[in-house]
Amino acid sequence: MKESPGIGDRRTADERRPFLLEIGSEEIPARFIPSSLAELARRAGDLLSELHLQHGALRTLATPRRLALLVDDLILQQPDRRIVVKGPPVHIAYDADGKATAAAVGFARKNGVELEACERTGEGGRQYLTASKVVAGRPTSAVLTERLPELILSLPFPKVMRWGADVVEYPRPLRWLVALLGDEVVPFQLADLVAGRATRGHQTLYGDAEVALTEPTQYVARLRSVGVLVDGDERREIIGREMDARLHETDPTAAVHQDPELLTEVVYLCEQPTVFAGDYEAEFFELPREVIVTALKAHQRYFAVDERGSDKLLPRFLAVRDGGTEYLTEVIAGNERVLRARLADALFYWRFDQQRTPDEHADALAAVTWLEGFGSVADKTERLTGLVRQLWRGGLGDGNPVPAAALRAARLAKSDLVSEMIKDGKEFTKLQGLIGARYAARAGEDPAVCRAIERHYYPSAAGAELPGDRISSVLAVADRLDSVAGCWLAGFAPTGAKDPYGLRRGALAILRIIIDLAARVDLDVLLETAMTGLADWSGPDDRAA
């Protein structure tokens, strides 16, 4: 490939310059960005090592519209390297009379060395012809021009898309590319874009204005001048400081509800964060705290506000706008209006659901299919009742008779799946179990039953909190055993690439819970018990007959 002109033509052996790569696109989902930054740093470091390009500190930055890589003191020229090239085995390179064959002559010619300079090297009990040669270093700009497209397209994302006539895959369509080594452009091409020196300002504050960069060290400052704070750590610090300021203006006793996951998401949803506070009516405190916090967080990305030193909610929220303070009063009013509508919906669901008893909800599960060919969710709860009884007696219990609370919890464990609060994929779906527990408590159920309804979904992820008490733990094991056995029999066994029903996660949860209970059980017997329950299930029509 022809060398790129510019830096490579006036390089010196040790000359170094800063390097910038910016990948501009439409807004990337915030949840994709933290992992993509880590991968960009790792893969860029690996690439520079592979290319023998010495460099200083490596830094990654991002906003929703850009991923950026800054490299300090990148050498402008690959060093010359002496390498050893392995050729044909000696018995092929020379005939019986010791004369060089065409294979030996061709090997020497290909590598630009005299045949007499080639050596014989042992490897794996055989002798090979080898040649030592010097590979001249190439200009850094030239090798990066070839390899940067590969680096960009190698970044892994949870989901990607294609657009236009190209086969480029990226989370969102690419819109611009910047690649600067010192004050020179590294002119690589990706799809229909050619890397240059023009980045983009804030889309609404500055109309997506193009901003020409002279060299990489001005990148952060130039973007700041057009409304973009490209450093996520800086945005995080500003958000935290402004949240404290907004609360202190009206109520020094208030404190933002700490939610690191939400904070990270908000950091990567904006380029110019402006924090504002809003209010909602205290009448919504009839709802469980978790419902209010979820309504604040799930769609609007609002932060709940607590009374300092307690978990008591205050009727306030904090949110982050991507932009300045212009028309902020109208923005606050609009956000308050949206939140009131969501909380009003939740309050309606809460009140409506309690017009039916937990048993009536459980009976309604008969109309909800669990797995095709394996009955309804009501059938699953029947199996859970039997499994809880057998597991308790088979080693997971405490040696006493099966508690009535354990059997009752199995009966009501899935009752909230038909509630207005949970069904139909609403934003409160992630509260399943907790909502069922709250309804059961308001209906006067035993606290042990309520706790088991909520905690039988624990652990929610690897390393997450376990159910804790024995009744909840046995119900959690029974639920996962039934799911693993049923999905396996239905042909949904996980593969190396897919596990749509989370069976691996369920199996690991079973092991963690058993270890937590310090129980000695035979796993084969546990699985056989679950399989037997599914095999014996004959469906509602057969039972009616």
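The expected span of a helix is 1.5 Å times one less than its number of residues. Keep that handy for the first exercise, and bear in mind throughout that this is a predicted model.

**Exercise 1. Check the length of helix 6 (residues 232-250) against its expected span.**

Step 1: Helix 6 has 19 residues, and at 1.5 Å a residue they should span 27 Å.
Step 2: Now look at the two ends: the end C-alpha atoms of helix 6 are 28 Å apart, which agrees with the expected span.
Step 3: While you're at the start of helix 6, look at D231, where a side-chain oxygen comes to within 2.9 Å of the backbone nitrogen of D233.

**Exercise 2. Work out which side of helix 6 is buried and what packs against it.**

Step 1: Pick out the buried residues of helix 6: G232, R235, I238, I239, M243 and L247.
Step 2: They sit on the same side of helix 6, because they cover an arc of only 155° around the axis.
Step 3: The spacing rule helps here: an α-helix has 3.6 residues a turn, so residues three or four places apart point the same way.
Step 4: Flip to the face turned away from the buried side, and you find the exposed residues D233, H248 and E249.
Step 5: As for partners, the buried residues of helix 6 pack against several elements, among them strand 2 (58-63), helix 7 (260-267) and strand 16 (313-322).

**Exercise 3. Describe the largest pocket and say which helix gives the most to its lining.**

Step 1: Start with the volume: the largest pocket holds about 1200 Å³ of space.
Step 2: Its lining counts 35 residues, and the closest to the centre are K414, Q432, Y457, D479 and R480.
Step 3: Three elements give two or more residues to this lining: helix 11 (377-396), helix 15 (470-489) and helix 16 (503-517).
Step 4: The top contributor is helix 15, with five residues.

**Exercise 4. Are H361 and A378 buried or exposed, and what do they touch?**

Step 1: H361 belongs to helix 10 (residues 358-364), while A378 is in helix 11.
Step 2: Buried means under 20% relative accessible area. H361 comes in at 3%, so it is buried; A378, at 13%, counts as buried too.
Step 3: Skip neighbours within four places in sequence, and H361 is in contact with D353, R356, S415, V418 and S419.
Step 4: With residues up to four places away left out, A378 touches A362, L365 and A366.

**Exercise 5. How many cavities of 30 Å³ or more does the structure hold, and what lines the largest cavity?**

Step 1: There are three cavities of that kind.
Step 2: The largest cavity has about 60 Å³ of space, and its lining includes F19, A44, L69, V71 and L144.
Step 3: Helix 1 (33-50), strand 3 (66-75) and helix 4 (140-154) each supply at least two of the lining residues.

**Exercise 6. Look at the backbone geometry of D208, R301 and the Y458–P459 bond.**

Step 1: D208 isn't a glycine, yet its phi is positive, near 60°. D208 lies in the loop between strand 11 (198-200) and strand 12 (210-212), and at 22% relative accessible area it is partly exposed.
Step 2: R301 also has a positive phi, about 60°, without being a glycine. You'll find R301 in the loop between helix 8 (289-298) and strand 15, partly exposed at 26%.
Step 3: Finally, Y458 and P459 are joined by a cis peptide bond with omega about -5°. P459 sits in the loop between helix 14 (447-455) and helix 15.

Key: Residues numbered from 1 in each chain as written. Predicted model: local features only at pLDDT ≥ 70, side-chain atom pairs only at ≥ 80, totals over all residues. Heavy atoms only, no water. Helix = DSSP H or I, 4+ residues; strand = E, 2+ residues; numbered from the N terminus. Buried < 20%, exposed > 50% of the residue type's maximum accessible area, 1.4 Å probe, protein only. Arc of directions from axis to C-beta. Contact = heavy atoms within 4.5 Å. Polar contact = N/O pair within 3.5 Å; in protein donor to acceptor, adjacent residues only side chain to side chain. 1 Å grid on protein atoms, 1.4 Å probe; cavity = no way out; pocket = protein on both sides within 12 Å on 5 of 7 lines; lining within 4 Å. Points joined across faces, edges and corners; volume = space filled by probe spheres on them.
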